[in-house]
Amino acid sequence: MIMNTTLLNQQVMTDREFERLQTYTFSTNAEASVVIAHEIADLIRDKASKGENAVLGLATGSSPLKVYDELIRLHKEEGLSFKNVVTFNLDEYYPMQPDSVHSYVRFMNENLFNHIDIEEKNIHIPDGTLAMEDVYAFCKDYEAKIANAGGLDIQILGIGRTGHIGFNEPGSTENSRTRMVTLDAITRIDAAPSFGGLDFVPKRAITMGVKPIMQAKRIIMMAWGSGKAPIVKKMVEGDISMQVPATFLQKHDNVSVFIDEGATEQLTRITTPWLVSEVEWTTAMTKKAVVWLAYKTGKPVLKLTNKDYLESGLDSLLSTKGSAYDLNIEVFNLLQHTISGWPGGKPSADDTQRPERAVPAKKRVIIFSPHPDDDVISMGGTFQRLVDQGHEVHVAYQTSGNIAVSDDDARRYATFANSLMDKFGFGSAESKSKFKEITGFLDAKEEGDIDSLAVRQIKGQIRRDESIAACRYTGIPKEQVHFLDLPFYETGKVRKNPVGEADIEIIKNIISDIKPHQIYAAGDLADPHGTHRVCLDAIFAALEELKSEEYMKDCWVWMYRGAWHEWPIDEIEMAVPMSPEQVLTKRKAIFFHESQKDGVVFQGTDDREFWQRAEERNSGTAKLYNALGLAEYEAMEAFVRYHFI
């Protein structure tokens, strides 16, 4: 407990002018989850020493998974007993059978209860099988059971993008009780991937109300990833409003918000730290402040005045640099030097002000793509530039991407292959049997079933062939296209395994074989299903193990972002401009990924196709540069360098 308290004391924000909730920031959600789990474990042990029960309010979804993993570890490796633990879950979809793959009963069993020694009688989860007329009485009784247990000692929460806690959607009142609710459209969209489509997501749920949540003695809120950053800002800094139910937590006297660095991205202390406290005016901080001021005033950088700085709380920056004139030129040049049409470096050119080295003129390049389309979606223009400028470009697809292929596509391709074999007479008895196996499984498949190995294989092959076609179009020979099929991904489910030694070894092997001068990796941590995060972790781990190798001393790593997110302008270290023709070329490369068009499995909240999202994002980046007074381009792809040595 001393260790945890010390760590929290190091993390807590002392300036409360903007943040109305005690907020702790951690490098990763895994680190934060361990601290949360140990606080829960300390409570359980303390209660057990007094002969009392520990009453826990539990949550589902992705936010608490690593907390549950650590609690399981504490039970198995350190003897933490749950005999004295009573649990009450926040919510359940309605209607919902407890054995459904989407049931929170099954979720809790698979991710916690089946692995610890909790007594079944002490587990309470809202019942999704009730007749409608029985729901009211059940909800009233649910709250009575919490009261009879002595009230919730700790309630853990995640936050939805609507600001919901439990399933208390926007419009929920502070005094709302446990009840049946109608789910918000955004909540259902966010759940759609795990249900296999929006049409299968229930429209209602039973949820603990805001009132019983607020009656907990201690509340721990978790939020992970940059996708949660906008709602974290509203929860922590915004006014209390029933349109953002999580803001009610500001009225509780014992709440802690645990977030990772991604979730902090829109907090004032991150976006404009000079408004919170004194800052050191490093080059990066100066660039950040001037870019912010330019957008705030609607002026190009070179037109900012002393008055603009003084009226916007940047007097200390101005006094440090002397005058707006000198400061503007310094930052304008920093921005200008990030723009390069030579992502592999310009041969025989002075590279002192360029983002990449001129030497060697022809570089070996690895583009790591988490899914079999992130390469062209995220950096298709840069990809093409590297090829056209004569570099040896390798593409390494880290996962098969098979779960993102629909059953209809799998059936269509299997039928086509079978018909083709019939037409040309080269089908074997074995291939006929495999076709029947695949179509038979798809015929019998029910919602939530994990695909058979054969179905996963055909879905993976679809994505392989699409990737090979896209690479061929951009000029990459087949022998420079690598399919890594990292083991962590091959679960057949949305939830993947943690990155392991086998994954890292595969990454190390391809880097060792190619000995690249450049590596491109996906740094888009807003990815809604987390694969980008795991793939990046595997790359980082491999780089850490390889960094002492001689060839790695000449290797630079550039991180791109995908269809979900973009780097802030002040963080961009290389911006590759694109002409209208290059934008169209990129679009055509994306089109080769046909299985990811027209209503894909993991569409997210944006119903546009990936090429449309990418074009708007790239166009938006170019417009932001232009608004700062830089040259006007059709589009831009952006990169940030990762320093591993």
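This passage looks at a sheet, the helices packed against it, and a pocket elsewhere in the chain. The model is a predicted one.

The sheet comes first. Strands of a sheet pair through backbone hydrogen bonds, either parallel or antiparallel. Here the pairing is parallel, in an open sheet of seven strands that runs in the order β1-β10-β9-β6-β2-β3-β5. At the edges sit β1 (22–26) and β5 (123–124), each of which pairs on one side only. Further in, β2 (residues 54–58) and β6 (residues 154–158) are joined in the parallel sense over two bridges. Within this pair, Leu56 has Ile154 of β6 as its bridge partner.

Two helices can be placed against these strands. Helix α2 (residues 29–49) packs on the sheet and touches β1, β2, β3 (85–89), β6, β9 (219–223) and β10 (255–260). The direction of α2 makes about 150 degrees with that of β2. Helix α5 (residues 135–148), for its part, lies across β3 and β5 and runs at about 150 degrees to β3.

Now for the pocket. The second largest pocket has a volume of about 240 Å³. Two elements, α16 (429–444) and α17 (453–474), each give two or more residues to its lining. It is α17 that gives the most, with eight residues. The lining of this pocket includes Tyr413, Lys434, Ile438, Gln457, Asp465, Glu466 and Phe592. By character, the lining residues split into seven nonpolar, two polar and three charged.

How values were computed
Residues numbered from 1 in each chain as written. Predicted model: local features only at pLDDT ≥ 70, side-chain atom pairs only at ≥ 80, totals over all residues. Heavy atoms only, no water. 1 Å grid on protein atoms, 1.4 Å probe; cavity = no way out; pocket = protein on both sides within 12 Å on 5 of 7 lines; lining within 4 Å. Points joined across faces, edges and corners; volume = space filled by probe spheres on them. Helix = DSSP H or I, 4+ residues; strand = E, 2+ residues; numbered from the N terminus. Nonpolar A, V, L, I, M, F, W, Y, C, P; charged D, E, K, R; others polar. Pairing = 2+ DSSP bridges. Contact = heavy atoms within 4.5 Å. Axes fitted to C-alpha atoms, helices over the stretch in contact; angles between N-to-C directions.
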